[in-house]
Amino acid sequence: MSTNAHNLPVQIPLPVDHLSPTRSSRGKAGLATVLRPIRGISAEVPKVALSDICLSYRTQSGERLLALDNINLQVKAGEFLCIVGPSGCGKSTLLHLIAGLHQQTSGQILVDGKRVQGPGTDRILIFQELGLFPWLTVGQNVEFGMKMKGVDRAEREEKTRYYLRLVHLSQFKDSYTHQLSGGMRQRVALARALATEPDVLLMDEPFAALDAQTRDLLHDELERIWAETGRTIIFVTHNVREAIRLGDRVALLTFRPGRVKREFPVNLPRPRVLEDVHVAQAAREILDELREEINRSLEVEYNVGVKPRVPTGVEE
Amino acid sequence: MKRAARLVVFYAGLLGLWTLLAHLKIWPPYLFPTPWGVGEALYAGFQDHSFLIAITVSMRRVLIGYAISVVLGMVLGLGVGSSKFLEETMGGLLVSLQSLPSICWWPLALLWFGLSQNAILFVVIMGSLLSVTLAMEDGRKQMPKIYGMAGRNLGASGFRLFWHVLLPASLPFIVSGLKQGWAFAWRSLITAEMLYLSLGLGQVLMMGRDLNDMSAVIAVMILIIAIGYVIDGVVFKTMERRLQNKWGLSPAS
């Protein structure tokens, strides 16, 4: 879809130095008071701090490939950070590292000032392919993390009911996941992650496979749930507009090796609308930078001399 | 309805052919009994409780042996499926051992365990263990990696990760191996029982031979087939259907 957004007088967000966390505005000043107090909250210690993260691995042909190069990022408690980048920039891998499912080659990840050493229920990742358990019902899926934590049955049932209601799936408690639509499954994954009550929610392109209507709806719901529960969210997407729609801040990663190219604070009032001209305007700024990276990634992937062009203004 | 009619016609024809051959008296009746003779032998066997006792004894053995195989096989298979080292070393050995009929273990079993129930159990376990192990190994590899990651992500580890995630996630991939393991266990049991005075179905079958009573032999054969069929058709079919329904793999839906 194309817009004439750049003709409008909109204040374009300025990139910030990614090492100094800046205050982000949520538009509505009152929202901060809605947030649940989060343990370990402190002005000095960021919720999540990545310092000098490098990840390299050996390919099948035996050469070493640098996937992530010197990533430095800080996320404040209750912040909604979006990470965008072309496919293959290692943004999913970065989430896996924060989740503790893989180990970085060098550098360290701190959550509340403590080093990440393996998976922990303070950080829950919602996988791109969701990873819902097909042998369990929706309710049992949501309950799973609590069961592993040793929460007693009564409390589990109560919380399962609560979180299913939060994602509007109460009447599907006893269904199996294959009986649900894509958007509903997405919400089950969200409820399952939330029910474990993590401080940090890691989301890996969760809405990429959904139709536009469902996605819009889930954007609204995610924003509402984020405001209601006060979680810190790190959200990976390749869709710049989605990042602007949701994030307090957007970090742009480069293509192979993944580096933080720039960070953009999003100073737009919430709730935002995906089609809004201001969103489009802000997205354009990032998209210009992203396009370079996408072109590089296409060159590498198609491995041809002819440079494939990404048409301007096209974005999902 | 049509299918049922075809089945009735087929089996009636088979019985007719059998009766006809028996009545032609090409072979003496003690070598080639009539269907009625076999029916009488079945009736007599249940009348004097000898079949019931034999079935109870055999079922107990096969269930114990099979249960041990399943537990051991799952642990072994999971190990071989998860570890590159074990796969390279033990993987080949397991596959080659599978070509060995389990009854070949009988002489060793006799020396190790003596003429006892345990010798039979050993042969049963050796018969089904490898099928279960290989199925589990395969299931562990075929199982989408996402489930293990999701489980760890949600706080499961160690035995609980195996019990709550890895095992149920691999079930659809190992159910056919479990079924095959059952078939091997059942065959190994009957073979071993035929070699040893053991009270089981195998022994009753051999007794028929010793007494030149082919009606009894065929009656026991029918029992062995029937039990195998019922377990396969009821227990495993139900398990498969339930799995398919849960996972949404069912062709009907």
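## A four-stranded sheet, a core and a chain contact

Strand 1 (residues 48–58) of chain A is joined by eight bridges to strand 2 of chain A, and the two run antiparallel. Helices (H or I, at least four residues) and strands (E, at least two) are DSSP runs numbered from the N terminus, and two strands pair if DSSP finds at least two bridges between them. This is a predicted model, in which local features need pLDDT of at least 70 and side-chain atom pairs count only at pLDDT 80 or more, while totals for chains, interfaces and linings use all residues. Residues are numbered from 1 along each chain as its sequence is written, and chains are lettered from A and ligands numbered from 1 in the order in which they are written.

Strands 1 and 2 of chain A form a hairpin with five residues between them, and A:G62 in the turn has a positive phi of about 95°. Within this pair, A:A49 has A:Q74 of strand 2 as its bridge partner. The hairpin belongs to an open sheet of four strands of chain A, in the order 2-1-4-5, with antiparallel pairing. Its edge strands, each pairing on one side only, are strand 2 (64–75) and strand 5 (114–115) of chain A. A:L110 stands opposite A:R115 in strand 5 of chain A.

| Strand pair of chain A | Bridges and direction |
|---|---|
| Strand 1 and strand 2 | Eight bridges, antiparallel |
| Strand 4 (residues 106–111) and strand 5 | Two bridges, antiparallel |

Chain A as a whole has eight helices and 10 strands. Of its 316 residues, 42% are buried, where buried means that 20 or more other C-beta atoms, placed from the backbone, lie within 10 Å of the residue's own (exposed is 12 or fewer, partly exposed in between). Helix 2 (residues 91–99) of chain A is mostly covered, with eight of its nine residues buried, among them A:K91, A:H96 and A:I98. This helix is followed by A:G100, whose phi is positive, near 80°.

A:I98 also appears among the residues with the most contacts inside the largest nonpolar core, which has 133 residues, and A:V250 and B:V123 are listed there too. Such a core is a set of buried Ala, Val, Leu, Ile, Met, Phe, Trp, Tyr and Cys residues joined through C-beta atoms within 7 Å. Helix 6 (residues 117–142) of chain B gives the most to this core, with 14 residues. Leaving aside neighbours within four places in sequence, A:V250 is in contact (C-beta atoms, placed from the backbone, within 7 Å) with residues including A:C82, A:F264 and A:I286.

Between the chains, 14 residues of chain B are in contact with 20 residues of chain A. The largest share of the chain B side, six residues, comes from helix 7 of chain B. By class, that side has eight nonpolar, three polar and three charged residues, where Ala, Val, Leu, Ile, Met, Phe, Trp, Tyr, Cys and Pro count as nonpolar, Asp, Glu, Lys and Arg as charged, and the others, Gly among them, as polar.

Within chain B, helix 8 and helix 10 pack at an angle of about 170°, with their axes 10 Å apart; axes are lines fitted to C-alpha atoms over the stretch in contact, and angles run from 0 to 180 degrees between N-to-C directions. Helix 8 of chain B is therefore roughly antiparallel to helix 10 of chain B, a term for angles over 145 degrees. The residues of this contact divide into 13 nonpolar, one polar and three charged.

Technical notes:
Contact = placed C-beta atoms within 7 Å. Parallel < 35°, antiparallel > 145°, perpendicular 65-115°, else oblique.
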